[in-house]
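Work through the exercises below with the sequence and the coordinates open. Each task is followed by a solution in steps.

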Amino acid sequence: MVVSVLEEMRIRSLGVIDDAVVELSPGFTAVTGETGAGKTMVVTSLGLLLGGRADPALVRIGAGSAVVEGRIAVRAGAAAAVRAQEAGAELDEGALLISRTVSAEGRSRAHLGGRSVPVGLLAELADDLVAVHGQTDQQGLLRPARQREALDRYAGAAVAGPLAAYATAYRRLRAVVGQLDELTVRARERAQEADLLRFGLDEIAGVEPNAGEDVELAAEAERLGHAEALASAAAAAHVALAGHPEDPEDVAATTLVAGAGRALDAVRAHDPALAALAERMGEISILLADVSGELAGYADNLDADPLRLAAVEERRAALTGLTRKYGEDIRSVLAWAEQSAARLAELDGDDDRIDELTAERDALREELSALAQALTDARTEAAARFASAVTEELASLAMPHARVSFALRQTEDPEGVEVDGRTVAYGPHGVDDVELLLAPHPGAPPRPIAKGASGGELSRVMLAVEVVFAGTDPVPTYLFDEVDAGVGGKAAVEIGRRLAKLARSAQVVVVTHLPQVAAFADRQLLVEKTNDGSVTRSGVTVLEGEDRIRELSRMLAGQEDSQTARAHAEELLATARSDR
C-alpha cells in the first residue's frame, strides 16, 4: 500500500517557468516537451520542496523570488506525517502542504503544514517520501563511495548493526590516538613546563609567604622607618594634653577642659541649652583623658630597633621577589602556587595517562579488527545477493547477457588493523574498498562501471539498482530525470515497461525525451513555452487521445502529422496497454 502520493506542485518564477501547476497522480506519469521547455525544472522544484540546495541563479530574471508549493497526500500514521506533526505542522484533509521560497539574494524559507520550519526538516522528510534521481545521481554512482553506500543500504540491518558498532569504536580510537599523539609529541614542552612550575613552587615554598603578609610588613616598615618622628610627635601631643611634669606653670589641656566643665555644671540647672553644652564638655574631657593615656602608651611601646627594621626590609625584599614573578601581591602568588601545583600533578601524571591510553588504543584496535571482519563478511554476503538481483533486473532492460558483480578489496597498511591475517588500512566506514563491476556481454571481463559502461548502460544499471532498492527499502514516490539518457530502440521500450511495473507499487514520475518510455505512462504531461519563452499555467497540460498521439509522433519523428510516426505512436500505446 502506497503511504503517500505527490498530488500537485505549483511553480512560480523558477527558471523558464513563470507560473505553472503540475498535477500528478498515482501510477506512472511521464513529463515530456521540447528541449529547453522547462521539463527539468519539475525535478528542480521537487528537489527544493525536499530540502535541496537553494540556488539564487534559478530565480527567474526580473522576479524577486521563486516559490514552489507542493501537496503530498500521506497516510495517517506514516512516519512522514508523524514527524511533520511533531514539528507543529497540520494536515490538510490528509495532505501535507509544503512550500519553499528562494529570494534572488539567496535567502531561503520553508513552510510545512502552515508552520515555518528549518529547511533541514524537509530533507529529513524526503527520505520517507521521495527518491529523486537525475543525471548527477548517475555520475555519483560512478564513485566507489556511493557504490559502498548503495551496497550498505541494500544489506540493511546485516551491515547497519556492525557498521554502527564499528563507527563508535573508530571514533573512540581516533580520539585516543589524538590524545596519545598530543602527549608524546609535546613531551619536551611538557617537561619544560613541569620544570618551570617546580622551580616556582620551590621558590615560593622557600619563602613561605602568608596571605596579607606583604601589606602588614609594608605598614610596619613605614612605622619603623619614622619611629623617631612618631615618638617625638606622640610625646609633644601628650605634654600638650597632660602638661609637662617638671613645669608647674604648664597648664594641661585636660585641666582647662575639666575646669570649663565644672563652671557649666554649676549653672546647668537654669537652662537646658547650657546643660547640653555641659554634657558635651564632659564627653570632651573624657575623650582627652583617653587620648592622653594612649599617647603615653604609644610612645612607651614604639619599637625603634634598627635590627627589626632591617629584618622587615629583608623579608619584604623576599616577598617582592615573588610578586615580581608570580602575582601582583602575595594573595595572587599563593593562588598561582595552588593552580601550578594542580597543573604539575597533571603533568606528572601524563606518564601514567600515556600508559592507560596505550592500553586502551591496543584494546580498541583489537575490537576494531573484529568489527571490521564482521562488516566485511556482511558486505561480502550482501554483495552476492545485490549483484544477482541487479543482474536479473538488467535482463529485463534489454541487457540479457550483462553480469554485475562487486569487488571488495583492502589495502595493505602496516599501521592498519588485522583482518583475515592481513594488516590493512581502515577508515570511518571499515576496511573495504567497494567497486561495482559490469561485464556487458559474455566473454567480457568485469570492469568498473566508470570505465566499462556506456551512457545507455549506465542509465539502465542505475534504474536496475533503484528497482532492487524498491523491493528492499521502498519509498512512495520515484522521480527520474533523463534515466533513459543514451538509450533507444528496444532498450527504451524495456525501460518504459520496467518503470510501468515499478509504478504498480509506487508513484513514478519520469522526465523523458523517449516516446518508448512515455507510451508506457498512465498519464503524460506536456511542458511547453509560450511565445515570450516562459511557461505558464496553460503551458503544462495533460495529454489524452489525439493530443497524446501527436506528442508521441513529435517525439518519434519531430513531425506531429507524420502518418508513419502516428502509426508508430499508436503501436507503442497499444503495446503499453497490452502489457498492463
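The exercises treat a predicted model and go from the sheet to the cores, the aromatic rings, the charged pairs and two backbone angles.

**Exercise 1. The open sheet**

Give the strand order of the six-stranded open sheet, then find which strands stand at its edges.

Step 1. The six strands run in the order β2-β1-β4-β5-β6-β7, and their pairing is antiparallel.

Step 2. β2 (17-23) and β7 (115-117) each have a single partner strand, so one side of each has no neighbour in the sheet and these two are the edges.

Step 3. On average, and with direction ignored, neighbouring strands of this sheet are turned by 20° against each other.

Step 4. At one of the edges, β7 pairs with β6 (residues 108-112) through three bridges in the antiparallel sense. H111 has S116 of β7 as its bridge partner.

Step 5. Helix α1 (residues 39-49) packs on the sheet, where it touches β1, β2, β4 and β5 (95-103). The direction of α1 makes about 105° with that of β1.

**Exercise 2. The nonpolar cores**

Find which residues touch the most other members of the largest nonpolar core, and which helix gives the largest share of that core.

Step 1. The largest core has 86 residues, and those touching the most other members are F28, F386, L394, F480 and L499.

Step 2. Helix α14 (residues 350-395) supplies the largest share, 15 residues.

Step 3. Take L394 as an example: apart from neighbours within four places in sequence, L394 contacts M399, P400, A402, V404, L438, R460, V461 and A464.

Step 4. There is also a second, separate core of 44 residues, with A20, L50, V59 and A66 among its members.

**Exercise 3. Aromatic pairs around Y170**

Classify the ring pair Y166 and Y170 and the ring pair Y170 and Y426 by the angle between their planes.

Step 1. The structure contains six aromatic pairs.

Step 2. For Y166 and Y170 the ring centres are 6.2 Å apart and the planes meet at 15°; planes under 30 degrees apart count as stacked, so this pair is stacked.

Step 3. Y166 and Y170 are four residues apart in helix α6 (residues 157-185), which means a separation of about one helical turn. Both Y166 and Y170 are buried.

Step 4. Y170 and Y426 have their ring centres 5.9 Å apart and their planes at 80°, an edge-to-face pair. This pair links distant parts of the chain, with Y170 in helix α6 and Y426 in the loop between β11 (422-424) and β12 (433-439), 256 residues apart.

Step 5. The relative accessible area of Y170 is 15%, and the limit for buried is under 20%, so Y170 counts as buried.

Step 6. Elsewhere, ring pairs join Y154, F386 and F406 into a cluster.

**Exercise 4. Salt bridges**

Locate the partners of the salt bridges E7 with R71, E86 with R83, and R316 with E313 in the secondary structure.

Step 1. The model has 31 salt bridges in total.

Step 2. In the bridge between E7 and R71 the closest N and O atoms are 2.9 Å apart. Distant parts of the chain are linked here: E7 belongs to strand β1 (residues 4-14) and R71 to strand β4 (residues 65-74), 64 residues apart. E7 is partly exposed at 30% relative accessibility.

Step 3. E86 and R83 form a salt bridge at 3.9 Å, N to O. Both are in helix α2 (residues 79-86), and they are three residues apart, so about one helical turn separates them. E86 is exposed at 58% relative accessibility, whereas R83 is partly exposed at 28%.

Step 4. In the bridge between R316 and E313 the closest N and O atoms are 3.8 Å apart. Both residues lie in helix α12 (residues 306-326), three residues apart, again about one turn of the helix. R316 is partly exposed at 31%, and E313 is partly exposed at 37%.

Step 5. Shared partners also join salt bridges into a network made up of E7, R71 and D92.

**Exercise 5. Positive phi**

S13 and E208 have positive phi values. Is each of them buried or exposed?

Step 1. Phi of S13 is near 60°, and S13 is in strand β1. At 13% relative accessibility, S13 is buried.

Step 2. Phi of E208 is near 55°, and E208 lies in the loop between α7 (187-207) and α8 (213-225). With a relative accessible area of 58%, E208 is exposed.

Conventions:
Residues are numbered from 1 along each chain as its sequence is written. This is a predicted model: local features need pLDDT of at least 70, side-chain atom pairs count only at pLDDT 80 or more; totals for chains, interfaces and linings use all residues. Side-chain values use heavy atoms; hydrogens and water are left out. A salt bridge is a side-chain nitrogen of Lys or Arg within 4 Å of a carboxyl oxygen of Asp or Glu. Buried means under 20% relative accessible area, exposed over 50%, partly exposed in between (1.4 Å probe, protein chains only). Rings of Phe, Tyr and Trp (its six-membered ring) pair if their centres lie within 6.5 Å; planes under 30 degrees apart count as stacked, over 60 as edge-to-face and the rest as tilted. A nonpolar core is a set of buried Ala, Val, Leu, Ile, Met, Phe, Trp, Tyr and Cys residues joined through side-chain atoms within 4.5 Å. Contact means heavy atoms within 4.5 Å. Two strands pair if DSSP finds at least two bridges between them. Axes are lines fitted to C-alpha atoms, for helices over the stretch in contact, and angles run from 0 to 180 degrees between N-to-C directions.
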